[in-house]
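Student: I have a model open on my screen and would like to learn how to read its contacts. Where do we start?

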Amino acid sequence: MSMGQSPTPGRFVQCANCRKTLFLAEFLRDLKVCGHCGHHHRLTWQERVEATFDPGTFEETDTGLRSVDPLEFPEYREKHVAAMAKTGMADSVVGGRARIEGRRVSVAVADFHFMGGSMGSVAGEKVTRALERGCDELMPVVAFCASGGARMQEGLLSLMQMAKTTAAVERCRSEGVPFIAVFTDPTMAGVLASYASVADVILAEPRALVGFAGARVSKQAQVVKAPDDFQTAEFCLRAGMVDAIVHRRELRDHLGRLVGALGAHLAPKEALVG
Amino acid sequence: MAKTWKEWMKPLLELEELIEKLRAAAAKETDPVEHERLEAKVHDFERRRDAVLNVMITRMGPWEEVLMARAEPRPYTLDYVDAMFTEFTELAGDRRVGDDKAVVGGPARLDERPVMVLGHQKGRNLQERTFRNFAMCKPEGYRKAIRLFEMAERFRMPVVTFVDTPAADPGVESESRGISEAIADSMRVMFSLTVPVVSVVIGEGGSGGAIGIAAANEVLMQEHAIYSVIPPEGCAAILWRDPAKGPQAAAALRLTARSAGELGLVDRVLPEPFGGAHRDPVEAADTVKRAVLESLAALDRMGPNEVKRHRYDRFRRMGVYETV
Ligand SMILES: [Zn+2]
């Protein structure tokens, strides 16, 4: 496991927040939430899929999409290759179909471990396809966000992914397809300022970092004092920017209820499968 | 490398100052011989100025484009509004929190035709810049934009936006009022419109702050404007932990109009008067106006739903990747 330092590798882990030692088995069973302080450690996309969707129902799509280096940006290829080797992923977002509490959903799951979850052409395309798949196949869309923002190394192409994904959200709205976004740690900048923030319903994990600008920039830029929980899920909830902060353990149930209620009109007979 | 347009242009600005002084002296000179001598000197320095300008402009790299896009004397949104439209009537406020002076907008006429105009507005001196918050919009700026976009839709007016912002406002207040949601929602509303939308990048196309009002059917970009996912200094700070490496980052980011055109992310690159739009604002505005009229004429041939579809398809194509 990549979280924290384990004194006995494989058996124990240390909480990244409270530094207490945790049994690895317990930590994993608790979906990487610290049993002492409740800190939600970051998940890989596979862990997220396992924690959220009905067992065995996730089917990955768009597996053939590969980033290129359209700008020949310094060190992009090297960083991308290293990220692929480290994570086994092709890029920072995985798209697919799954079921949640028996209901079909189109999904996009970002993984922060892949280049900070940054959104370039491939991530933008996968998110867009997830949203369009929701429209084409009449199923709600669920996106897990985990990203530092747009991918600098693809320049303006990355900025355009913000518009492209947002256009797809507008298509969902006009076609009555529900879109639920889950802000996990961190959900920042270009991802927050595009498809993520215009979801019909936004859930956030406790204490996830959520913000537009890097905290350093924001605090420097203003005479107004930032509150202690500035740019956290809790701050966003107070500001009216998210619907609820949901403990990871309860996320499946929460999403299931929302998908059921908001998506019931789409395919009444297909919505629940025994 | 120079950090500002003024620093970069110093040799030229000094020559121009000298020319002005000589011209004034020549105008006052009563002795015909001395007058002749001064006039000749003016011409001589003008030739020198043209030569200096020629070298500076033809040797412009990405960093010089950044400096030019940020140049203080560059025409701003309201200058283009004045030059291109008539009967501009500014509307204010988001009807929620306040009025963001970093963005201006309202109905106007473009050759008699009613249109909705909107753009980021910079200030020319410190007082104006503070008043305009350096053209960095807060959430209320994007919500004012949304109000105007929706009004344009109701009254079947095409929308023309001018993009010129370093970035959206990154402060604590902006975060508290949902700057990210405001930007995203402004884009989303633009995608819902069935009236034509044309955007013109006239200076700094600064990341989310820019795209928030640039989800258009056609995006035009002036020759010396820039369009970037991140300010070059910010990129340099992340990549090389050194904001002073902005010039290297500017090159890596391909943020020039030419690059944006080559990548197919802007539809047309509009030529500027030699040396930059500020050297002949009338000609610059004339070029922009003609291009906007041409874009609108093409979009006028489409039905309302086709216009909306066209905008979706325009952005849907964006992205470079392989499929294996
Ligand atoms: Zn802990």
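Tutor: With what a contact is: two residues count as touching if their C-beta atoms, placed from the backbone, lie within 7 Å. Keep in mind that this model is predicted.

Student: Okay, so how many residues does the contact take from chain A and from chain B?

Tutor: Chain A puts in 50 residues, and chain B puts in 45 residues.

Student: Which elements give two or more residues to the side of chain A that touches chain B?

Tutor: Look at strand 4 (65–67), helix 4 (121–136), helix 5 (155–174), helix 6 (189–192) and helix 7 (215–221) of chain A. Helix 5 of chain A gives the most, with 16 residues.

Student: And how do the residues on that side of chain A divide by class?

Tutor: There are 29 nonpolar, 16 polar and five charged residues on the side of chain A that touches chain B.

Student: Back to strand 4 of chain A: which strand of chain B does it pair with?

Tutor: Strand pairing is read from bridges, and you need at least two of them. Here strand 4 of chain A pairs with strand 8 (residues 321–323) of chain B, antiparallel, over three bridges. To find one of these on screen, go to A:Ser67, whose bridge partner is B:Tyr321.

Student: What about inside chain A: what domains does the assignment give?

Tutor: Domain 1 (1–41) and domain 2 (42–263). Their centres, taken over C-alpha atoms, are 24 Å apart. Six residues from domain 1 of chain A and 10 residues from domain 2 of chain A make the contact. On the domain 1 side, you'd find two nonpolar, three polar and one charged residues.

Definitions and conventions: Residues are numbered from 1 along each chain as its sequence is written. Chains are lettered from A and ligands numbered from 1 in the order in which they are written. This is a predicted model: local features need pLDDT of at least 70, side-chain atom pairs count only at pLDDT 80 or more; totals for chains, interfaces and linings use all residues. Domain bounds come from an automatic or database domain assignment. Ala, Val, Leu, Ile, Met, Phe, Trp, Tyr, Cys and Pro count as nonpolar, Asp, Glu, Lys and Arg as charged, and the others, Gly among them, as polar. Helices (H or I, at least four residues) and strands (E, at least two) are DSSP runs, numbered from the N terminus. Two strands pair if DSSP finds at least two bridges between them.
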